[in-house]
Amino acid sequence: MADIRFVLNGKETEYHGSATERLLDVLRNQYRCTSIKCGCREGECGACAVLIDGILHNSCCVAAGAVDGSSVVTLEGYRETARFAALEKAFAAVSAVQCGFCTPGMILAAEALLSKNPHPSEDEIREGLSGNFCRCTGYNAIVNAVSGAAKEGNGLW
Amino acid sequence: MVNGYTASSLKEALTILAETNAVPYAGGTDLMLENRPGVKYLFLKKIPELRSITADERYIRIGAAVTFTEALASPLVPPLMKEAVSHIAAPAIRNAGTFGGNIGNGSDKADTVVVEFAADAKARIVSKEKERIADIDKVFLSRKHLGLSDGELIAEILLPRKGLERYAYTKVGGRQSQAVSFVSFAGVFGLENGRITNAAAAFGAAGDAVQRYRDIEKSLIGKTPDEAKKVKADYLRAYEERILVNQSRVGPEYQRIVCLNLLNDFLSRFGV
Amino acid sequence: MDKISHSVMKKDHAPKVSGRSVYVSDYPPEGVLCGKMLRSTVARARILDVDAPPLPDGYFYVDARDVPEENAVEIVLYDTPVFCRETVEYIGEPIAMLCGPDEKTVERLRDECRVRYEQLEPVLDPNRAQETFFEYKFGHGDVEKAFAEADKIFDETFETGYHEHAYLETQGMMAEPEENGRMFVHGSAQNAYYIHDAVKRVLGCGDGGVHALQDVTGGGFGGKEEYPSILGCQVAVAAHKCGKPVRCVLDRREDMQCTSKRHPSVCCYRAAVKDGRVTALDVDVLFNAGAYSTLSGLVLQRAVFMAEGVYSIPHIRVHGRAVKTNTTPCGAYRGFGAPQVFFAVETLMNHIARDLGVDPLVFKAAHLARQGDLTATCGRYHFPIPLPAMIEKIDRACGYRKKAVSYGQPQSGRYRRGIGLSLCSHGGGLNGATENELTKSVVRLHKNADGTVEVLAANGEIGQGLRTTFPKIVAETLGLPLDKVFYDHPDTARVPNSGPTAGSRSILIAGELLRRAAVKLREQWADGQEQEVEEHYHDPDFLIPFDMEKMEGDAYPAYSWSVSVIELEVDTLTGISKVLGAYGIFDVGTPIDRNIVMGQMEGGFLQGIGFASMEKMAYDRNGFIRNNNFADYLIPTAKDVPNLKTMLHVESYPFGPYGAKGAGELPLVGAPAAYLAAMEQALGGRPLHHVPFTAEDTILALAKEER
């Protein structure tokens, strides 16, 4: 049987393991993409979010076989981009990172939102982040950070 | 691939289904919660026939592997369904979750299924040998019970093109997003020449079932809203006796009261 | 704003935001055994035997027999075992750990273990508990006389439920035997020294035989105060037996089911009212401690010490008990016993005021403690109490008084509104004499020859910003740029014990020690030399020493203050309430970094709102917690309280670093009472008595009203 072929952070790769493995585990264990965090393994918390063909997914609820032929982006790849730099700066400006465990998922959720809607309202930002739990911040700082990135990063999205 | 099959056409998928014990995998959001050891998946994402939203004279046809996010972007999907879909979970789940999967996982809390019950939706079911169109309540029987035979796959959900303009939908959950429904309600109202033609009311998440009581609905059909008002108390009492409730995330009394409140509000909105 | 309050980029920002930070689950798996816990499925039983499957090479079964020394985890007492003794005392209690290289194999082996139990009758109702872990009584004045002379006596009972920390990173620890024979234990934690001391005792190895490191930690909120000591001992025992590194990271359900939470409480308050004033309080606090004592004694102490709220009541008697039930042991959680009693006393004051026909805020203001007044424990409020000014500020910000009048009118219609306000304080530091007599914190500053300075302390960065705020204090004092001062995660092999990351004490106590150390270093500064200075804690001179026998004296050196307002709208058809606005004003002294402090205030406030509204957790008649996952235990999302506004009021504390006081816990404490008061108003003014107050509670209350 053919292997699972996909593009991970811009590089083509083949995965030889079971198609039923969780993408979360495959990416963390086989590919060492440890920016992806496991918060619940049940699709609730968003800490394991990745972009599949540019669309936000919780990688705990994606079987490895489902990404055959797709392009997967994790923070390991995304952090090399100018968009990330804008988000990083905006998150720093308002101290939107506390324990940091939700942050990788938040960053990718913010990217997914801004790539569809470069100038979101506060409500739209909250909707865009609504599948990513944060227990530290109360969300205000993160919402402000995304809003700030949208303003400062004008043209990037 | 190991423990998985990818099909690029419906025909190929049905052959695999007929010949193996693979489990159809659409969005994965429910399947992966359990991710049963030893399971093999049949990945449906690359099958064009299952991924389109089209319309014919009578129906809006939503492919079983269409995601909730895709449905929200489609001008064809009726507002009632969009309203329900927009309240499902959060973006990442809506990006993955599908219409077929929402029926196929057999959850009484599936928000689109409640709408399908109220809308008199149908499903196109296909297998290697044949295909058939079935009413939604013959496909989704009750929690974890589907009216599907081995080798059968849900291909499309058929929503009527007309008659869904007057509706009410409420999802009641414990928070503003990422909420499993405590109770959900979908109602569709029809009025022609001053007389009620439809008063479909479907309840989800209460009593482990999706519920609709056509016999009670009938008591309003053919009446003017004013006439219907007069029998409304009896009508509500009939529901109170019939609605199934249980102890789940919320208790039976809560489920009953909220179902009746939403039903009452639905009728009131349309002058009953 | 003070110079030190200006926000800087947090020192751990770059590694965290880019996903490069290494949490305990992120260390490469090669050579590390995975540990999975075999747990009790019954609430109380004698273990007859465990039938484990044959273990492949390289796989291990670890249980109490493998504990080299005593099977007891040092917390406060020693009743918590590393692995269960002859009996199991709650569902989820660890019986053994299966270890091996492949996670799935370990899981399968664990699942194939068959435990034979002789079931015993569990105690699940705290009111019927047979064992009291801790009990405290104290008071002052003549309570009996005050009640005898009262115009009216109020007698009300308040209940709060479990509150789960729901830190995003579950508990996880790792132990690695080192070549020199030392055991290295590290992971997600608040207190490396707690782990160090507990493991030392279990392995019987002395201080040199172990060191503990706090890894980057994905949230704590008190949940990683004592629990990592237990998990740390378990992995250390396993690593000791296997001779290899062992890591155990809990899954979410396991974490929610089996690790500590906020104590469910029943608080009975009796109040004597004479001439429109509360003259006496008689308080009885009951905490459901769960199966082992852990930190319940200290949590209960804070509850009873704060039972009077922000008021000065002439006659007071307080009685508190933490009792054993066959349920998950409860422990520290942000607020540490205070949220339960503040919920009770604030709600009680509202009820009394309404019964007397007085505006609750006017009534409360008339009872406020003032500088110089006695505390419940006969200590003193040594410093100004800024609540009156804070009340005015928040009223201006959110229109509380006007809205309270408006929503107080009879409401009909589907949507009904209410607004509620609560007044709270939070004493910084550990209870009573603990800081001075037990903890005896020590900090060091190490100056390198290149002029950089390292902070050596044991307080853990758990998101609250210590890796930034400690260096800020030191850099400011030394007049150095911030990039010359750094603070790494503490390793007990390198740092002195500056006490736990708890009790809103890190800045207040350790931060002040660091400031003093920096002053000392400044005085002896010699360019190009390596230098080290050390500073030891002693109580400030103004403090009335605390007598733990009599429960008398200053329970805390300084208090932080809050006014919390919650405005909500109830949908009477569904019971769902929407928080229209959550407004908080907090005095935590000088903020050491404004963004960081605001982040604490907002995050804590939202946790409190969750506790009051949607975060419901309970066990069934078998003692099993059903709400053990994120679909059934609901924490707020970004959409739940969009309008959350917090402000600071600065009443600087002369004995804190640059005027700072305790900050971390305060913002949570006031939320439950404010939320319930708003709910009472929206539902027409009938007194309510418990949190969380859920949609289901709302519908049942409305149904009751109709009958």
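How do the residues of the lining of the second largest cavity divide into nonpolar, polar and charged, or, put otherwise, how many fall into each class? The structure is a predicted model, in which local features need pLDDT of at least 70 and side-chain atom pairs count only at pLDDT 80 or more, while totals for chains, interfaces and linings use all residues. Residues are numbered from 1 along each chain as its sequence is written, chains are lettered from A in the order in which they are written, and side-chain values use heavy atoms, with hydrogens and water left out.

The second largest cavity (a set of points on a 1 Å grid over the protein atoms alone where a 1.4 Å probe fits but cannot get out, lining residues having an atom within 4 Å of a point) has a volume of about 140 Å³, a volume being the space filled by probe spheres set on the points, which are joined across faces, edges and corners. Its lining comprises 18 residues, and those closest to its centre are C:T80, C:Y90, C:Y227, C:I230 and C:P329. In answer to the opening question, 11 of the lining residues are nonpolar, five are polar and two are charged.

Between chain B and chain C, 19 residues of the former are in contact with 21 residues of the latter, contact being defined by heavy atoms within 4.5 Å. Two salt bridges are found across this interface, each requiring a side-chain nitrogen of Lys or Arg within 4 Å of a carboxyl oxygen of Asp or Glu. B:R249 forms a salt bridge with C:D632, in which the closest N and O atoms are 2.5 Å apart.

Definitions and conventions: On a 1 Å grid over the protein atoms alone, a cavity is a set of points where a 1.4 Å probe fits but cannot get out, and a pocket is an open set with protein on both sides within 12 Å along at least five of seven lines; lining residues have an atom within 4 Å of a point. Ala, Val, Leu, Ile, Met, Phe, Trp, Tyr, Cys and Pro count as nonpolar, Asp, Glu, Lys and Arg as charged, and the others, Gly among them, as polar.
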